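Colleague: Before I use this model, I should like to see how each label attached to it is justified. Please set every value against its definition.

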Amino acid sequence: YVLDIEKANGVVDKETAENPWDNPDPPVTDFDVQDLIDAISFGKDYKDILHVGSDNNVVLTKNVDFQGKEFTPVNLPTNISLDGDYHYIINAVHPLFAQCNGSIRNLEIRDTHITRYANDNNTRSGALAQQNLGYIDNVRLKNISITLPAIAGTTRIMSVGGLVGEHENGRISNIYIIGRHVLEVSDPEIGSADGRVYLGGITGQANGPSPAVRNVFLSQDEQGNEPEISLTLKCNGGNFSVGGIAGMITTGMENCTISATIDCSEANSLNCCAGGLFGRGSSTDTGREVKACNATGKVYGSFATTVITDGGTVFGRSIVGGIGGSIESSLITVSDCRSFCDVFDCFSSGKGYETSAITNEVFGTGAAFGRITANPRPVVNDCTAWGWIHAVQIPPTSSFGGSFAGSFVGYAINGFTLGTNTVNTDRNGSLKVCGYDWMQ
């Protein structure tokens with residue numbers, strides 16, 4: 001089976017045969033980083049770096065180097081648009097904006113290295129913005145590194161993405177991934193991440209009108225090297241969602257391609273969902289479709305832990321799939337998507353987990369989805385699940401605990417019929433399409 005993905009060269013708004021991103025000018029350094037960010041927010045000219053045209057259109061006229069200096073992200077108002085004019089911002093240590101309410105286009109962000117939160121009250125992080133409610137189009141991400149500690153507290157929510165921490169509204173489109181990208185969330189101490197963590201290659205959470213994310217491409221760098229992307233979760237005791245595009249989706253995505261290593265094998269979770277495109281999908285709105293998306297790479301599931309609370313005992317879940325970890329809503333539809341990801345449960349990750357440790361915990365592993373718990377069953381059509389499954393199968397206990405693996409889905413309510421979808425019978429022919437019919 002051959003998938004031929006043509007490399008994209010960028011969305012060109014100018015009428016020119018040249019690549020508008022070819023900008024050899026060195027970045028300027030003679031400016032105050034905070035003053036520059038504030039000037040964008042207020043829609044003001046700044047030195048010879050920013051020029052404000054009609055309709056509060058702020059144009060970046062030069063490449064700029066933040067030199068790793070501290071600044072406080074500010075909001076981009078609804079009435080302000082930032083046009084990078086095919087220039088880049090390099091060496092930032094925080095998201096450029098706290099909340100993007102306006103529009104951002106034609107901008108490259110490169111060599112961003114975020115290792116701490118911009119402020120104590122915001123646990124969202126991304127190279128461009130902590131949160132997006134506006135319109136982001138034609139943005140290039142090059143060599144992004146975001147490595148953050150998890151935050152303690154059962155009510156705390158962390159959202160970390162390569163572009164934005166959380167997409168709440170608006171639209172993200174035409175995003176180009178170049179170079180080496182490292183996104184990691186880890187516990188500063190054992191058991192501290194007892195809240196929720198959403199981690200995604202583009203956004204930690206994707207909400208709002210569908211499709212929220214459209215047209216994500218992988219682009220070679222100047223030396224012809226393909227992007228290298230890793231998303232790593234090393235947290236214990238909470239609810240986690242990790243995906244190549246988005247950790248958690250309540251909306252749709254379209255025409256997105258990602259190739260990544262998604263590794264949750266050092267996490268010990270109450271409920272962890274990891275997938276090549278998205279970790280968990282759930283919505284109360286109709287028209288939420290994941291369409292024409294592709295994922296390659298490797299996806300490793302977490303270990304599952306049992307937690308005893310005042311309300312009783314909660315048994316852990318570890319869910320991992322090549323397209324998505326878990327579909328939990330009948331209103332989420334998936335069509336014409338392909339996964340070439342090799343998928344591993346924690347017992348096959350080489351981290352030394354023992355199956356004898358299972359009591360009533362549940363592990364679901366599938367070449368397409370780890371589990372489908374929506375009832376009635378969501379629409380999944382014309383999808384291909386082609387990667388290897390590496391999983392240990394353990395029969396269910398009397399209270400449902402066990403490890404279930406399927407050539408398409410690990411386990412599902414009332415099973416799953418393959419229909420117009422395709423599985424790799426050469427690699428995973430010994431597995432059932434659905435590893436376990438939850439309510440058989």
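**Helix H1 and its surroundings**

Colleague: What makes Asp32 a cap at the N-terminal end of H1?

Modeller: A side-chain oxygen of Asp32 lies 3.1 Å from the backbone nitrogen of Gln34. A polar contact is a pair of N or O atoms within 3.5 Å; within protein, one must be able to donate a hydrogen and the other to accept it, and residues adjacent in sequence count only if both atoms are side-chain atoms. The value of 3.1 Å is therefore within the limit. This is a predicted model, in which local features need pLDDT of at least 70 and side-chain atom pairs count only at pLDDT 80 or more, while totals for chains, interfaces and linings use all residues. Residues are numbered from 1 along each chain as its sequence is written, and side-chain values use heavy atoms, with hydrogens and water left out.

Colleague: Which residues of H1 are buried, and against what do they pack?

Modeller: Val33, Leu36, Ile37, Ala39, Ile40 and Ser41 are buried (under 20% relative accessible area; exposed is over 50%, partly exposed in between, with a 1.4 Å probe and protein chains only). They pack against S1, S2, S3, S4, S5 and S6, where contact means heavy atoms within 4.5 Å. Helices (H or I, at least four residues) and strands (E, at least two) are DSSP runs, numbered from the N terminus. After H1 comes Gly43, with a positive phi near 70°.

**Strands and sheet**

Colleague: How do you know that S1 and S2 pair, and in what sense?

Modeller: DSSP must find at least two bridges between two strands for them to pair. S1 (residues 50-52) and S2 share three bridges in the antiparallel sense, so the criterion is met. Val52 stands opposite Val58 in S2. Four residues separate the strands of this hairpin, and Asp55 takes a positive phi near 60° there. S2 also pairs with S5 (residues 81-90), in the parallel sense and again over three bridges, with Asn57 opposite Ser81.

Colleague: What makes both faces of S2 count as covered?

Modeller: Asn57 and Val59 are buried on one side, and Val58 and Leu60 are buried on the other. In a regular strand the side chains alternate between the two faces of the sheet.

Colleague: Which strands are called the edges of the open sheet?

Modeller: Eleven strands form this sheet by parallel pairing, in the order S4-S6-S9-S12-S16-S20-S24-S31-S35-S40-S42. S4 (74-76) and S42 (434-437) are the edges, since each pairs on one side only. The twist averages 10° from one strand to the next; angles run from 0 to 180 degrees between N-to-C directions, and axes are lines fitted to C-alpha atoms, for helices over the stretch in contact.

**Charged side chains**

Colleague: What makes Asp48 and Lys62 a salt bridge?

Modeller: The term requires a side-chain nitrogen of Lys or Arg within 4 Å of a carboxyl oxygen of Asp or Glu. The N to O distance here is 3.9 Å, so the pair qualifies. Asp48 is in the loop between H1 and S1, and Lys62 is in the loop between S2 and S3, 14 residues apart. By this rule the count comes to 14 salt bridges.

Colleague: Why is Lys62 called buried, partly exposed or exposed?

Modeller: Its relative accessible area is 28%, so Lys62 is partly exposed.

Colleague: How do Glu328 and Arg280 compare with the definitions?

Modeller: Their closest N and O atoms are 2.9 Å apart, and they form a salt bridge. Glu328 lies in the loop between S31 and S32 and Arg280 in S24, so parts 48 residues apart in sequence are tied together. Glu328 is partly exposed at 26%, whereas Arg280 is buried at 7%.

Colleague: How do you know that Glu361 has no salt bridge?

Modeller: Lys and Arg count as positive and Asp and Glu as negative; His and the chain ends are not counted. The nearest side chain of opposite charge, Arg317, is 7.8 Å away, so Glu361, although buried, does not meet the rule. Its side chain does reach the backbone nitrogen of Thr359 at 2.7 Å.

**Backbone exceptions**

Colleague: What makes Asn106 and Asn138 notable in phi?

Modeller: Neither is a glycine, yet phi is positive, about 55° for Asn106 and about 60° for Asn138. Asn106 is buried at 3%, and Asn138 is buried at 0%.

Colleague: Which peptide bonds are cis?

Modeller: One joins Ser210 and Pro211, with omega about -5°; another runs from Asn375 to Pro376, with omega near 10°.
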